[in-house]
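Reader: Happy to look at this one together with you. Could you take me through how its strands and cores earn their names?

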Amino acid sequence: MKRIFRFLLYLVILLVASAFILPIIFKDSIVDRIKQEANANLNAKLDFEDVNVSLISSFPYFGLDLVGLEISGVDRFENQKLVSVDNFGLYIDLMSVISGDRYSIEEISVEGMDLHVLILADGTANYDIAKVDTTASSEEVNSESSSAFNLALREYRFQDIDFRYQDLEADMDFIIKDLDHQGLGNFTENIVDLKTSTEAQSMTFIMEGVNYLNRVHLASDFDMNLNQEKFEFNFGQNSVALNGLELNFEGMVAMPEEAIDLDLKFSSPSNSFKSLISLIPSIYYQDFDALKTSGEFRLSGAVKGTYVDESYPSFNLALLVREGFFQYPDLPASVQKVNIDLKVENTRADLKNLLVNLSRMDAMVAGSSISSSLRLLDPMNDMQFDFLAKADADLEDIMDVMPLEGYEMAGTLDMDMHSSGRMSMIDNEQYEDLKAGGYLKAANLHFGGDSLGMEVDIPQSDLSLSPERAELGKTIIVYEGQQMEMEGELNNIIAYALRDDLLKGSLDFYSPHLNLMALAGESEPAAENPVDSSLVDSSAMEVIRLPQNLDFSLNASIDTLLYDDLEIRKSRGTVKLKEGIADLDLNMSLLNGQMSMLGSYNSVIPQPLADFQFGIKDFSFRESYKALDMVKQIAPVMENVEGQYNLGLAMNVHMGDDMSPLLNTVNATGLLSTRTLQIGGKVFSQLATFLNNPDYEQLKMNDLNLEFSIEDGTLKVEPMDFKLAGQKATFGGTMNLDQSLDFDLQTDLPLEKLKAQKYLGQFQSLSSGSIPLSVKIGGTASDPEVKPSLGDLKNQLGAEIKNQVKKVVDSAKTIVKQEVNDKLDQLVSAAEAQGDKLIAEAKAKGDLLKAEAKKQADKLRSEGEKAAQKILEEAGSNPLKQAAAKPLAERTRKEANEKAQKIEDEAAKKADELVKAAENQKQKLVEDARAKAQI
């Protein structure tokens with residue numbers, strides 16, 4: 001008996017110990033197995049922060065959590081994230097882990113996932129990451145041993161999911177935010193009774209620039225029967241709610257092979273017109289519950305047949321609205337007599353004779369009437385179209401029926417347009433068979449208000465339509481007090497609207513005065529303490545892609561153009577846009593001179609290319625420095641230059657993802673010339689100190705012709721001759737991307753210009769003549785370092801004087817060398833002390849930079865919190881508004897915190913760079929001290 005109890009005691013101890021030890025023992029093997037499977041089967045980068053394993057809390061299953069899981073693309077999708085997951089959890093049968101042959105998964109949970117599916121214009125997809133094993137036979141692929149995982153799933157959960165399906169090939173974007181979905185069912189059985197629950201806070205669907213769904217709330221609870229062998233889904237009577245619109249559906253979807261068999265029906269159980277208009281965001285998010293509505297609404301549809309390759313099932317959709325009406329209780333007018341008849345029908349697998357028939361869509365908006373119709377037959381082949389649109393509208397009526405607080409609208413629109421025919425008529429230019437005509441006239445239009453943030457007036461505009469073209473008559477636009485006039489024409493507009501074909505046109509544009517910063521909404525004065533531009537998040541900037549289906553010419557004339565502090569006068573030129581490339585030919589007056597610009601911007605290639613030729617005449621050096629940021633970056637010396645210059649420049653540069661020039665791709669050749677200029681600054685200040693002659697702090701240069709080139713971002717100045725203070729001089733060298741300088745200046749120094757006492761003794765026997773002067777210019781463009789030296793006099797003086805000078809120079813060199821060698825320790829110590837001082841100053845600057853960044857970051861966080869609280873407060877007690885406001889408020893906080901953190905990170909990085917630069921400078925000071933001691 002004692003033996004039995006002893007055995008049971010040992011067994012219990014063994015089991016308890018195993019519960020603690022087994023997760024530790026098998027953790028590494030599971031991690032290795034996961035990464036091995038990924039490396040063997042994925043054309044992608046898989047990584048995760050940590051793996052947590054457990055047994056006690058999940059017994060008899062083995063719990064596995066992948067924390068911080070990320071899958072990123074390679075090759076064309078390099079650095080493009082496919083999916084990131086905060087936590088990916090699996091519950092695995094313990095015995096399958098111990099055996100090591102198969103892992104039987106019982107439960108899956110996914111929390112905090114961001115999934116971005118991207119399909120490029122050529123059809124390449126970022127989710128196509130599975131490697132193809134070309135050596136495996138079909139028998140091996142189909143064998144039971146082909147996979148180490150056996151799915152025996154009973155429950156799955158997805159929480160806090162963001163999903164984006166972006167198809168550039170089809171011009172489609174589908175976005176889901178804050179999705180929660182879970183399902184219960186025994187997947188170990190062939191027939192699974194699956195119960196699911198789904199909720200998404202926001203769902204948006206955009207196709208070809210049209211928002212079909214915009215931030216729609218989705219909720220659904222439905223059951224289905226899944227046949228795993230046939231991969232067939234059978235739905236009972238289930239429902240899906242989109243905002244206030246509820247849809248019932250039932251039927252079947254089967255995917256036994258590549259084909260998809262469908263037999264689905266759907267309808268709206270409610271006949272309320274209110275449920276339909278809930279899909280309009282501007283209505284749904286503003287006191288929707290208090291809205292007065294009436295009218296009949298019906299929606300139904302069905303899909304039946306097989307979809308495979310280019311073969312489609314039959315389908316139909318019918319939507320009907322009769323005498324729709326809605327009115328906000330606090331507004332004086334209503335929208336009424338809303339009538340819609342829409343039918344979509346397809347009965348053939350090739351979509352031939354597909355019919356989209358919007359036979360009626362009209363409404364009365366207060367006193368304004370709107371009506372339209374559209375019929376498309378066989379749109380996939382030779383589409384037959386029939387379009388009609390009429391409006392007699394006063395925009396103030398919209399203000400009377402919609403709560404548009406902070407917005408102002410006024411003016412009238414009179415429109416009557418129609419078109420009918422076949423696409424083949426347009427393709428064959430049979431305009432005589434095509435019916436198209438009409439007009440659109442606008443008068444005294446006004447848009448403004450605090451919420452819009454701008455004021456726009458259109459005193460007059462008219463557009464006329466014919467089969468060949470649309471003509472824009474004289475149109476006047478006044479934006480923020482700036483008047484613009486334009487007129488022109490568009491050709492092939494019907495084919496462009498219906499089939500996205502090439503749109504051709506031209507436009508003449510004139511403005512007496514234009515402020516580009518005001519047009520961009522940046523007219524507000526700068527803050528007293530602006531944030532360092534290098535710390536500002538520029539991720540919102542994107543590459544400007546020009547449309548490739550436009551062939552357009554713009555002729556522009558602007559009397560005065562303002563850009564920041566730069567005033568441009570008499571700007572004239574043309575811009576031609578074709579196949580995604582813009583060609584420019586511009587002339588203008590600025591900076592007290594003239595400039596011509598000829599070139600192109602190619603947005604088709606992955607990194608857009610700007611390729612331009614500039615001709616500049618009589619520009620001011622100092623005004624160029626004041627007005628042009630690029631000059632401040634690459635030629636800060638211009639701040640101290642007086643005079644005018646001419647410049648011929650041919651340059652090309654690729655643009656980055658944030659539309660900033662990629663400096664390492666700049667290639668250019670140019671010639672800068674000036675008759676006379678006066679120059680000062682740090683270079684000549686250091687030269688004047690060396691010579692002990694203040695006359696050299698400001699020098700005049702004559703007949704300067706500076707030939708230069710830029711290759712891969714490095715500026716190279718070819719050696720050139722010019723007059724410096726009346727003496728012949730030669731100058732040349734390079735400046736690199738980091739603004740480091742390597743220039744040489746050679747000239748002759750008249751003896752009477754040398755005032756430095758420590759050098760005068762070398763030339764005391766000379767009464768006249770000149771001395772060779774060499775100046776090595778290093779450091780950076782913003783902080784240059786000058787190392788002047790006096791050259792050999794042998795070729796400048798007579799034989800006797802040269803011998804005397806040689807003796808004096810040799811003696812001076814000996815004395816100097818002895819003095820320097822005697823004071824080696826003092827020089828090195830002084831250099832180290834100076835270096836330590838630079839490091840201390842750099843650390844102080846870094847601390848100040850980080851303190852300022854923290855102040856800016858704290859302000860951003862505070863503003864983000866205030867904005868989030870405001871969103872929550874505006875939601876009030878309305879549960880629907882609260883549901884929409886909470887994720888928006890959280891996202892506002894998150895974005896503010898991310899920007900604040902980036903500011904602090906960038907400041908810390910800059911501070912480190914300052915200290916590193918100071919340490920390098922200290923090392924250089926010590927090396928220079930040692931070098932001087934070896935003269």
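**Strand pairs and cores**

Author: Gladly, starting with this predicted model's strand β36 (residues 770-779) and strand β37 (residues 784-790), which run antiparallel and are joined by seven bridges.

Reader: What makes β36 and β37 a pair?

Author: Pairing asks for at least two bridges, and β36 and β37 have seven, so they count as a pair. One example is glycine 778, whose bridge partner in β37 is glutamate 785. The two strands form a hairpin, with four residues between them.

Reader: How do you know that β30 pairs with both β29 and β31?

Author: The cut-off is again at least two bridges. Strand β29 (residues 609-620) and strand β30 (residues 641-654) share ten, in the antiparallel sense, and ten also join β30 to strand β31 (residues 667-679), likewise antiparallel; therefore both count as pairs. Serine 620 has glutamine 644 of β30 as its bridge partner, while alanine 650 is matched with threonine 669 in β31.

Reader: Which residues touch the most other members of the largest nonpolar core?

Author: Leu590, Phe722 and Phe731 do, in a core of 86 residues. Another core lies apart from it, with 66 residues, including Ile105, Val216, Met224 and Leu358.

Reader: Why is leucine 590 said to be in contact with Phe619?

Author: Contact means heavy atoms within 4.5 Å, and Phe619 is listed among the contacts of leucine 590, so the pair meets that cut-off. Leaving aside neighbours within four places in sequence, leucine 590 also contacts Leu566, Glu567, Ile568 and Met595.

Key. Residues numbered from 1 in each chain as written. Predicted model: local features only at pLDDT ≥ 70, side-chain atom pairs only at ≥ 80, totals over all residues. Heavy atoms only, no water. Core = buried A, V, L, I, M, F, W, Y, C linked by side-chain atoms within 4.5 Å. Buried < 20%, exposed > 50% of the residue type's maximum accessible area, 1.4 Å probe, protein only.
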